[in-house]
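Visitor: Could you take me through one part of this protein in close detail? I would like to know where it sits and what surrounds it.

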Amino acid sequence: AQHERADNCALRTENDKIRCENIAIREALKNVICPSCGGPPVNEDSYFDEQKLRIENMQLKEELDKVSSIAAKYIGRPISQLPPVQPIHLSSLDLSMSSFIGHGPSSLDLDLDLLPGSSSAMPSLAYATLNLSDMDKSLMADVAGNAMEELIRLVQTNEPLWMKSSSIDGRDVLNFDNYDQVFPRTNSHLKNPNVRIEASRDSGVVIMNGLALVDVFMDANKWQEFFPTIVSKARTLEVISSGVMGSRTSSTLQLMYEELQVLSPLVPTRQFYFLRFCQQIEQGSWAIVDVSYDIAQENQYSSTSCKVHRLPSGCLILDMPNGYSKVTWVEHVEVEEKGLIHRLYRDLIHSGLAFGAERWVGTLQRVCERYACLMVNSNPSHDLGGVIPSPQGKRSMMKLAQRMVRNFCTSVNPSNGHQWSTISGLNEFEVRATLQKSTDPGQPNGVVISAATTIWLPIPPQHVFNFFRDERTRPQWDVLSNQNPVQEVAHIANGSHSGNCISVLRAYNTSQNNMLILQESCIDSSGALVVYSPVDVPVINIAMSGEDPTYIPLLPSGFTISPDGRQLNAEAASCSSSSNASTIGGGRSGGSLITVVFQILVSSLPSAKMSPESVNTVNNLIGSTVHQIKTALNCTTS
């Protein structure tokens, strides 16, 4: 009995030891990874696991069919698998700009923190909280995924989807018949039979790396700050997917709202609720697609006279050597005009130049050059006239001028929803005005009247731009200078084009000797701006010394210059383009559309209203300015 008891204890101890080893082995098997596929190992009951997978597969197929039927209503065509995307190969390009940058690749790391990003600085737009279900998010992801496939096809494919225009501009034109065959749609999203389709594609090289561009595009505030001449409002309504590890550079899906503008009160803004999806295609390559998405709140913005639906649009970004990127842009929208387009802008809008890809790429190239110049720490005395003593002063002046341009663009399409009212309908032009209260820091407190008019001149936009930005011709149109000579006392270049610069001007023999004029002029292939604001000498010294210019009050006025959209004959266009290689619109435009904008502080009292005296003052100011412009440019009969 004792021997049996001892044997029993030994067997029990060995049994416990084997049980512990068995538990340890089972725990180890749970963490085993298959070396071929990277997944978990197959369990012993492979037959039951296979049956379970078959059942799950059937359930997923049913769910996919259900979502596909719903998504087809939004994207206009059934969801199908497109052919695999072909990789994009770039030829080696000589993009040396050492004479412009002068500091090698390190100087191209742009300080984009100067843009007011982050969600804490959202514009004060009234939106209700969106309650999106998992089904809604799944549908949005499906719509965005199909839009991404379509965008990449549109970017990579030339013929038969795209053809070169037979006119003198040689732009890419979408072949709508072939497009409908490749991307069949059941019906148009806009029910009006008079819906017009705008489609354009353009590409260019910009001085900014791909990651920085993606960061700008996926942040609504930076997006609006980067394109103040195009984007009047922008907001991220919901982040559907935040990407890998919270990064916005890959697999990020957002529901957004934006308003796009032409800088004239004669052209209504275009409003979009859309999905923006960013996907990293391969190392150093990103695609960002926008596609309209209808939500219940869209009726809040039905007052515009233009209804638009954005078909898959966006850009492909490719990193290049030395911090450059190649950007290929596609714009594709359906437009339903509820009213007549103003006769001055009819040709420009119908040509696709007003909201097309060429305008986006040209503006992007110019703005990227500006930020590259902002990061150059050199301070050549011949460039600044010896007035601005340090690189910090230069950066402060550039930030001040940037805010001035942004405020000017906002005054053309006020963010508070105020509408323009016609205060004078003269035979030659009509003057429109709006009254708004100014309470933002960096603007004079009180009631400001913004007045504008648009005129057409039979002169190329480049010539008009040179006339406005030249301080020697300024007394010919600036009624406030009383025809006194104007001298440039400081100059900051912010682009490769000589017209892209910031100037500090002084008008002599005036009653206000302590007053200077801060001016920024900028030009690209889509148009030009000349914006200026009077500033006191003590105030401008604050910015020149490198201090924070945020609270320096500015009330900017200025001019916007754009091509009229009318086609020149081949001989005239050849002469125009050969005379100046950087002509606005590539030498295609025969005339110019000039919008004159003045802002005047009516009263420091918030209850002030537009009086007859202020209306007469504005009418006389704009009328005198327009008359002097036409006289100086020999256009009195136009």
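Guide: Happily; here is a close look at Ser521, with a little context around it.

This is a predicted model, where local features need pLDDT of at least 70, side-chain atom pairs count only at pLDDT 80 or more, and totals for chains, interfaces and linings use all residues. Residues are numbered from 1 along each chain as its sequence is written, and side-chain values use heavy atoms, leaving out hydrogens and water.

The protein has 15 helices and 19 strands, assigned as DSSP runs (H or I of at least four residues for helices, E of at least two for strands) and numbered from the N terminus. Ser521 belongs to one of those strands, β16, which spans residues 515-524. Because its relative accessibility is 1%, Ser521 counts as buried; the cut-off for buried is under 20% relative accessible area, with over 50% being exposed and anything in between partly exposed (1.4 Å probe, protein chains only). Across the protein, 49% of the 638 residues are buried as well.

Now for the neighbours. Leaving aside residues up to four places away in sequence, Ser521 touches Phe465, Arg469, Gly499, Asn500, Cys501, Leu529 and Val530, a contact being heavy atoms within 4.5 Å. With Gly499 there is a further detail: the Ser521 side chain reaches the backbone oxygen of Gly499 at 2.6 Å.

For contrast, look at Asn377, in the loop between α9 (357-375) and α10 (381-384). Asn377 counts as exposed because its relative accessibility is 52%. Its C-alpha atom is separated by 8.9 Å from that of Lys394, 17 residues apart along the chain.

Terms used. A polar contact is a pair of N or O atoms within 3.5 Å; within protein, one must be able to donate a hydrogen and the other to accept it, and residues adjacent in sequence count only if both atoms are side-chain atoms.
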